[in-house]
Amino acid sequence: MPLPLLALLCLVAALLSGGRAEAHAQLVAADPAASAVVAEAPAAVTLSFSEPVRPLVARWFPSGGGAPIDVTPRPEGAQVIVPLPGGISSGTNVLSWRVVSADGHPVGGSHVFSIGEATAGGAAAGLSTGASAREAALGRGILTLALVLGTGGAVFLRIIDRSGAPSPAATRLALCAAAASPPLALLALGLQGLDILDLPAAALFSAQAWSAAMASPFAGTAALAALAGVSAIVALRAGGAVGQGVALVAWGLAATSFALFGHAATAPPRWLTATCVAVHAAAFIFWIGALPGLAGAAARRDTGLSRTLHRFSAFAVPLVALLVLSGSALAVVQVRHLSALIDTAYGRLLTVKLVAVALLLLLAVLNRFRLTPGIARGDRDAPARFRRSVVAEIVLGLLILALASGFRLTPPPRALAAVPTQATVHLHGPTVMAALTLTPGRAGPNAVEIGIVSTDGAPLDPLEVRISVADPARGLEPIRVKAVREGEVWKAGPILLPYAGDWTIRLDVLVSDFEKATLEATATVASP
């Protein structure tokens with residue numbers, strides 16, 4: 001293993017030491033339960049999560065459409081205690097909550113229950129549009145691109161390409177990317193604050209957003225990213241051993257920044273996942289960051305190209321092996337079951353990324369075993385073919401970076417495994433409302449239990465209840481069953497739900513010979 005690569009691994013290990021195991025939080029229970037009707041107002045609502053969280057926002061939307069009421073929640077380990085304000089009265093009330101999990105990602109939702117009787121009004125208030133999460137993912141994606149091109153370019157130009165005449169275009173690109181890294185890190189940090197509090201873009205310069213951002217784990221990531229950019233600039237401006245040493249520092253800082261934040265970096269056991277993320281990032285930064293310099297070197301068509309490729313291969317071969325090993329370990333931790341690659345949005349995104357990585361590896365193998373020997377032999381057209389192949393690698397690398405940014409928008413199957421053993425959904429119509437429970441709330445056979453009342457809370461005695469469950473996103477036609485009354489509830493199933501994810505639930509309630517109510521909502525089913 002090359003000495004600079006060994007030094008990089010030691011630097012990353014030092015920066016990562018002292019971390020603690022953390023995971024992605026999921027709401028696992030609530031008291032009162034979702035869609036419950038309680039006789040008297042409780043003093044507080046208790047939200048229980050799969051790990052300790054830090055509460056950010058708690059906002060009540062009272063029955064009857066009253067003005068929202070903000071309250072101060074109290075954390076107690078893995079629970080958040082949300083007091084009921086004085087303005088909460090009988091009827092159906094909605095608690096909109098938002099917390100930040102240990103991996104730095106915000107988690108939010110709404111909790112619906114009724115006091116005395118179920119009523120209409122207020123239930124749709126306060127729902128997030130998801131715009132802040134998309135903006136934060138975009139900001140981190142652009143920052144990642146700048147780090148890859150800036151620090152990766154500096155490593156290539158100072159450690160790999162020692163021809164004395166590096167590509168001017170590649171040097172300018174690396175300098176611009178490195179110079180953009182600090183301001184992009186600051187922007188990404190601000191967008192993280194908006195994401196945490198689910199604020200609009202107009203609140204980017206508010207003290208509230210920046211206070212939340214600075215208290216999040218992403219603040220450390222942004223700081224290391226900015227330092228990596230500054231170090232890359234120094235390396236590109238310096239020469240000799242100083243430039244090489246500072247380039248190595250920039251590489252280590254950039255790789256470590258990825259290991260301080262995110263789903264994968266904070267999954268247990270953290271000593272393994274954080275190390276794998278840092279190694280994975282280091283390998284990818286080197287590989288993709290070197291490509292513009294390689295394309296520029298191929299355009300020179302001089303005798304130094306073969307020596308540059310030999311030095312590049314000395315780093316690339318072990319790094320690609322580490323890339324595959326670390327990526328495989330992270331996939332096992334995050335996905336757990338092969339079925340989750342198809343059944344979950346995270347798994348499908350990962351599958352597309354893996355296909356792109358496989359194509360990138362095929363191009364790398366082509367370059368290493370067909371085009372590089374041709375360059376060494378002096379084949380006239382080998383440099384041009386090599387350059388075209390490198391351009392294709394750059395396109396695939398950009399695609400992989402874009403796909404990786406999308407992981408922020410969906411929780412991994414590992415986190416979904418922490419959801420409750422039931423999936424409960426509240427269905428509300430003009431005159432009829434229902435609470436439907438799927439047990440165990442995971443892909444596979446599920447028993448269905450339904451409680452049906454009128455919107456004023458009075459009990460109903462329908463003549464017939466039919467259920468249909470569909471997955472329009474996959475084009476799956478509805479699964480239809482007829483419910484049977486057992487005491488005060490209606491039961492059906494088990495219904496076989498073959499996939500995890502969102503399912504559209506529809507209830508057709510025949511209230512009388514002359515009245516029929518149709519209710520519809522979405523239930524989220526976890527992986528098995």
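Reader: How many bridges join β10 to strand β11, and in which sense do the two run?

Author: Happy to start there, with one caution: this is a predicted model. As a general idea, strands of a sheet pair through backbone hydrogen bonds, and the pairing is either parallel or antiparallel. Here β10 and β11 (residues 432-439) run antiparallel, and six bridges join them. To find the pair on your screen, look for Leu427, whose bridge partner in β11 is Ala434.

Reader: What is the order of the strands in the open sheet of five?

Author: Follow the pairing from one strand to the next, and you get β10-β11-β12-β16-β15, with antiparallel pairing. The edges are β10 (423-428) and β15 (484-486), since each of these pairs on one side only. From one strand to the next, the twist averages 30°.

Reader: Which residues can I use to follow β12 and its partners?

Author: Two pairs will guide you. On one side, Leu438 has Val448 in β12 as its bridge partner. On the other, Asn446 is matched with Ile495 in β16. The β11 and β12 (residues 444-454) pairing is antiparallel over eight bridges, while β12 and β16 (residues 489-497) pair in the antiparallel sense over six. While you look along these strands, keep a general rule in mind: in a regular strand the side chains alternate between the two faces of the sheet.

Reader: How many residues lie between β11 and β12 in their hairpin?

Author: There are four residues between the strands, and Gly441 in that turn has a positive phi of about 75°. Another feature belongs to this stretch of chain: the peptide bond from Thr439 to Pro440 is cis, with omega near 15°. Pro440 sits in the loop between β11 and β12.

Reader: Where is the cis peptide bond that involves Asp31?

Author: That bond joins Asp31 and Pro32, and its omega is about 0°. You will find Pro32 in the loop between β1 and β2 (37-38).

Reader: Which strands form the open sheet of four, and in what order?

Author: Its order is β1-β3-β7-β6, and the pairing is antiparallel. The edge strands are β1 (27-31) and β6, each of which pairs on one side only. Neighbouring strands in this sheet are turned by 20° against each other on average, direction ignored.

Reader: What are the pairings of β7 like?

Author: Take β3 (residues 44-49) to begin with: five bridges join β3 to β7 (residues 79-83), and the two run antiparallel. Within that pairing, Leu47 stands opposite Val80, and Ala44 has Pro83 as its bridge partner. Then turn to β6 (residues 74-76), which is joined to β7 by three bridges, again antiparallel. There, Arg74 stands opposite Ile81. The hairpin of β6 and β7 has two residues between the strands, and Gly77 takes a positive phi near 65°.

Reader: Let us move to the helices. At what angle do α2 and α11 pack?

Author: The angle is about 145°, and the axes of α2 and helix α11 (residues 382-405) are 9 Å apart. The crossing is right-handed. To see the contact, pick out Ala137, Gly141, Thr144, Leu145 and Val148 in α2, which meet Leu398, Leu401 and Ser405 in α11. By kind, the residues of this contact divide into five nonpolar, three polar and no charged.

Reader: How many cavities of 30 Å³ or more does the structure hold?

Author: A general idea helps here: rolling a probe the size of a water molecule over the atoms shows where empty space is left. In this structure there is one cavity of 30 Å³ or more. About 40 Å³ of space lies in the largest cavity.

Reader: Which residues line the largest cavity?

Author: The lining consists of Leu149, Gly153, Phe156, Leu157, Ala170, Leu173, Ala174, Gly289, Pro292 and Gly293. Elements giving two or more residues to this lining are α2 (131-160), α3 (168-197) and α7 (270-300). The largest share, four residues, comes from α2. You have met α2 already, in its packing with α11.

Reader: Which kinds of residue make up that lining: nonpolar, polar or charged?

Author: The lining of the largest cavity has seven nonpolar residues, three polar ones and no charged ones.

Notes:
Residues are numbered from 1 along each chain as its sequence is written. This is a predicted model: local features need pLDDT of at least 70, side-chain atom pairs count only at pLDDT 80 or more; totals for chains, interfaces and linings use all residues. Side-chain values use heavy atoms; hydrogens and water are left out. On a 1 Å grid over the protein atoms alone, a cavity is a set of points where a 1.4 Å probe fits but cannot get out, and a pocket is an open set with protein on both sides within 12 Å along at least five of seven lines; lining residues have an atom within 4 Å of a point. Grid points are joined across faces, edges and corners, and a volume is the space filled by probe spheres set on the points. Ala, Val, Leu, Ile, Met, Phe, Trp, Tyr, Cys and Pro count as nonpolar, Asp, Glu, Lys and Arg as charged, and the others, Gly among them, as polar. Axes are lines fitted to C-alpha atoms, for helices over the stretch in contact, and angles run from 0 to 180 degrees between N-to-C directions. A crossing is left-handed if the near helix is turned anticlockwise from the far one by less than a right angle, and right-handed if clockwise. Contact means heavy atoms within 4.5 Å. Two strands pair if DSSP finds at least two bridges between them.
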